[in-house]
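Trainee: Please take one part of this model, the way its helices pack against one another, and go through it slowly. I would like to follow the contacts residue by residue and then see how they sit in the rest of the chain.

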Amino acid sequence: MGDASEEVTDSRPVVYVTGFGPFPSHAVNASQMAVEGLLNSKLEKELGVKLVTETVKVEYDYVQKIVPERWRSLKPKLTVHVGVSGQAETLTLEQLAHNNGYNRRDNCGCMPNAGLCSPDGDQVIHSGIQMDLISRTINKNTNLNLPCVKSTDPGRFLCDFIYYLSLKEDRLRSAFIHVPTLNKFSAQDISAAVAAAIKEMYKQVVERDTLKGEENGLSPKMECAGTMEEEREELAETKVAV
């Protein structure tokens, strides 16, 4: 397991997971606790991946800077952002993110220019990961204490903002999970549910990559080397504008 600030020299595929630090009304952020809990999970062994985690500041400028940097340096097979929602009663898998409407101030008292995430971006980008399928699988898992639902409203704050930036990088390898507060579920229960969701997300990415490799006549090893560039091309053709 590693930290996002460290250089990744491991040859295993990278799964990059972020949580958010504290902000007003959330002195202890459940998303940070959930992501830190993944360090005690068996995700790396079970998936054969390098798990890289990071706690992100609740600041628009900071997020806008580090997201593209992490995509370039880590070249993740899958990126999963995790955030807390005071309204959430379940594990909530977000299907899409918005480009506009960011009028809530961050920890520095700042807002994006014109309330936009990206001046040249589409209004909405949908993840290529099918969140409804994952929620059904999670809800069948009797070992988990959190129910799971799909959502199409990440909230027009840093959660929506960071998700949009990653979807803009690669919508087929990006996901967002909203978790409830720690007064509703324990950090351990939340982390276990997040780990289960990440497993299902990763399976979808691998299955798609394998199918794409077979269609192109590539071996799995050859396919992995070319996936990022090919998926970026596909992203440019399949972004959804609403």
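Mentor: What follows is a walk through the helix packing, with some of the surrounding residues added afterwards.

This is a predicted model, in which local features need pLDDT of at least 70 and side-chain atom pairs count only at pLDDT 80 or more, whereas totals for chains, interfaces and linings use all residues. Residues are numbered from 1 along each chain as its sequence is written, and side-chain values use heavy atoms, with hydrogens and water left out.

The chain contains seven helices and nine strands, these being DSSP runs numbered from the N terminus (helices are H or I with at least four residues, strands are E with at least two). Two packed helices are described by the angle between their axes and by the distance between those axes. The axes are lines fitted to C-alpha atoms, for helices over the stretch in contact, and the angles run from 0 to 180 degrees between N-to-C directions. An angle under 35 degrees counts as roughly parallel, over 145 as roughly antiparallel, 65 to 115 as roughly perpendicular, and the rest as oblique.

Let us begin with helix 6, residues 187-215, against which helix 1, residues 30-37, packs at an angle of about 65° with the axes 8 Å apart. Helix 1 is therefore roughly perpendicular to helix 6. The crossing of these two helices is right-handed, a term used when the near helix is turned clockwise from the far one by less than a right angle (left-handed if anticlockwise). On the helix 1 side, A30, M33, A34 and G37 meet A187, I190, S191 and V194 of helix 6, where contact means heavy atoms within 4.5 Å. The residues of this contact divide into six nonpolar, two polar and no charged; here Ala, Val, Leu, Ile, Met, Phe, Trp, Tyr, Cys and Pro count as nonpolar, Asp, Glu, Lys and Arg as charged, and the others, Gly among them, as polar.

Helix 6 also packs with helix 4 (residues 131-140), at an angle of about 135° and with the axes 10 Å apart. That angle makes helix 4 oblique to helix 6, and helix 4 passes helix 6 in a right-handed crossing. The contact is built from M131, L133, I134, T137 and I138 of helix 4 together with A193, A196, A197, E200, M201 and Q204 of helix 6. Sorted by type, the residues of this contact comprise eight nonpolar, two polar and one charged.

A further residue of helix 6 is V205, which is buried because its relative accessible area is 0% (buried means under 20%, exposed over 50%, partly exposed in between, with a 1.4 Å probe and protein chains only). Not counting residues up to four places away in sequence, V205 touches K77, L78, I129, L172 and R173. In the case of I129, 76 residues of sequence separate it from V205, yet the C-alpha atoms are 7.5 Å apart in space.

Elsewhere in the chain, helix 3 (residues 60-74) and helix 5 (residues 158-170) pack at about 30°, with their axes 10 Å apart. Helix 3 is therefore roughly parallel to helix 5, and the crossing is right-handed. Y60, V63, Q64, V67, P68 and W71 in helix 3 meet L158, F161, I162, L165, S166, E169 and D170 in helix 5, and the residues of this contact divide into nine nonpolar, two polar and two charged.

I162 also reaches a strand, since it is one of the residues touched by T18, with V35, E54, V56, V80, H81 and V82, when residues up to four places away in sequence are left out. T18 is placed in strand 2 and, at 0% relative accessibility, counts as buried.

In the loop between strand 2 (14-20) and helix 1 lies H26, which is buried at 12% relative accessibility. Apart from neighbours within four places in sequence, H26 is in contact with V84, G86 and T181.

For the chain as a whole, buried residues make up 51% of the 242 residues. Of the contacts between residues at least 6 apart in sequence, 81% join residues at least 24 apart.
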